[in-house]
Amino acid sequence: MALRNSARQWFHFPPVLLCMIGLSLIFAAAGCRDHAGSDVTPEATGIDDFSSEVQDIEGAISIDGSSTVAPISTAAAESFEKDFQNVRVTVAISGTGGGFGRFALGETDISDASRPIKADELAECQKHGVGFVELPVAYDGLSIVVNKENDFIESLTVDQLKAIFLKEGGATTWQDVNADWPDTEIKIYAPGTDSGTFDYFFGDVVAKNKDIEHPRDDMSVSEDDNNLVNGVAGEKGAIGFFGASYYFANQDKIKAVKIVNPETGLAVGPTAETIEDGTYAPFGRPLFLYVNVKSLKRPEVKQFIKYYLQNAGTLAEQVNYVALPAAIYERATEHFENRLSGTHFLNSEMKKQSGTLAELYLADRLVGAE
């Protein structure tokens, strides 16, 4: 009866008052923010709409680490902040190693990493009581690039990369690498030594034997991959390496070199397809987030990681990376929800594990839990 009486009173409001109420509703609707805070809708981006979630979460989230992972985390942060306006997410870039250094001290909530955590970094985390959940978020293909005007290099083998990038390789000109190539000085642009990309390039592929193989010390290095792009673009005899995202975004400036797959003998370039199917070898790799378990007790961090994982594949592709298989995201979500701490990429003797993401990223392979 009360509802019926209310309705009756509404319909007997004076016409002028009805108009005023209608205009108020129109202006209120106009003042509401859409999902993305722009003309891009969730349907257009494929990003899940969190507008129905509780919007009163507030706080600050700190991220540091890999310059390779930073574009994905930045995209996640910007999109998340538009749904959760009272949360501020900062994304810094100090390289994977630098990020782990801060993370182990409890200075950051999340560490971006372009390689798995190392034994000494894990030990630092344990020393300071920092447990973490290890979450893969995308695939990347480390790209070897040359100047756009370079018309003599189409592909390189790992042995040729050793000749170029190692002290022991001895190549100072392109003719030293191949007698048919010009006598042009080689100028190298590389990520900084704190970079996970540097570690992966040298430690996992080009300089596996650290006792007898050493990176050249005359390389131009930077933690900012944009500086490397500009360096290679500005030197005709230049070569460099960084994540595929920066190559995909700068194909008008630089040229990717095909890499001879050691197993098949075929020269393969970095594309979304070859990175995902593993034929771009040995330079395909997963990218990670490491999340402080204690930080996950805070609602803003918990909600951000939930958002990140639900949208990681879409976000990765938007910034020119490759989405992981759905099964890996499902495993990552289970690890996050159950707070499964530790790493999958070291064994009980703290030695590096080799294998595919599907083989290694399993709950029963976790070591180093808090």
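Is D140 buried or exposed? In this predicted model, D140 is buried, because its relative accessible area is 1% and buried means under 20%. The residue sits in strand β4, which covers residues 132-141.

The side chain of D140 reaches the backbone nitrogen of A244 at a distance of 2.8 Å. Apart from neighbours within four places in sequence, D140 is in contact with T68, G243, A244, S245, I275, F283, G284, R285, L287 and Y321. One of these contacts, G284, also belongs to the residues closest to the centre of the largest pocket, and that pocket is taken up further below.

A second buried position is found in strand β1, residues 59-65, where G65 has its place. G65 has a relative accessible area of 0% and is therefore buried. Along the sequence, G65 and S94 are 29 residues apart, but in space their C-alpha atoms are separated by 5.1 Å. S94 is among the residues in contact with G65 once neighbours within four places are left aside; the others are A92, I93, G95, T96, G99 and D112.

Helix α10, residues 225-234, shows how burial can be distributed around a helix. Its buried residues are D225, L228, V229, G231 and V232. They lie on the same side of α10, because the arc they cover around the axis is only 165 degrees. Several elements cover these buried residues, including the strands β5 (143-147), β7 (187-191), β8 (220-222), β9 (238-242) and β10 (254-256), together with helix α11 (244-248). The N-terminal end of α10 is capped by D224, with a side-chain oxygen 2.9 Å from the backbone nitrogen of N226.

The next feature is the largest pocket, with a volume of about 1400 Å³. Its lining comprises 49 residues, of which Y200, D204, P282, G284 and G355 are the closest to the centre. At least two lining residues come from each of α9 (196-206), α12 (272-277), β13 (284-292) and α15 (357-360). Helix α9 gives the most, with seven residues. By residue class, the lining divides into 26 nonpolar, 11 polar and 12 charged residues.

P282, one of the residues closest to the pocket centre, also stands out for its backbone. P282 lies in the loop between α12 and β13, and the peptide bond that leads to P282 from A281 is cis, with omega near 10 degrees. Why is such a bond worth pointing out? Most peptide bonds are trans, and most residues other than glycine have a negative phi.

Two further residues depart from the second of these patterns. N320 is not a glycine, yet has a positive phi of about 70 degrees. Its place is in the loop between α13 (299-318) and α14 (326-338). With a relative accessible area of 32%, N320 is partly exposed. R339 likewise has a positive phi, of about 55 degrees, without being a glycine. R339 is found in the loop between α14 and α15, and its relative accessible area of 28% makes it partly exposed.

Notes: Residues are numbered from 1 along each chain as its sequence is written. This is a predicted model: local features need pLDDT of at least 70, side-chain atom pairs count only at pLDDT 80 or more; totals for chains, interfaces and linings use all residues. Side-chain values use heavy atoms; hydrogens and water are left out. Helices (H or I, at least four residues) and strands (E, at least two) are DSSP runs, numbered from the N terminus. Buried means under 20% relative accessible area, exposed over 50%, partly exposed in between (1.4 Å probe, protein chains only). Contact means heavy atoms within 4.5 Å. On a 1 Å grid over the protein atoms alone, a cavity is a set of points where a 1.4 Å probe fits but cannot get out, and a pocket is an open set with protein on both sides within 12 Å along at least five of seven lines; lining residues have an atom within 4 Å of a point. Grid points are joined across faces, edges and corners, and a volume is the space filled by probe spheres set on the points. Ala, Val, Leu, Ile, Met, Phe, Trp, Tyr, Cys and Pro count as nonpolar, Asp, Glu, Lys and Arg as charged, and the others, Gly among them, as polar. A polar contact is a pair of N or O atoms within 3.5 Å; within protein, one must be able to donate a hydrogen and the other to accept it, and residues adjacent in sequence count only if both atoms are side-chain atoms. The arc is that of the directions from the helix axis to the C-beta atoms.
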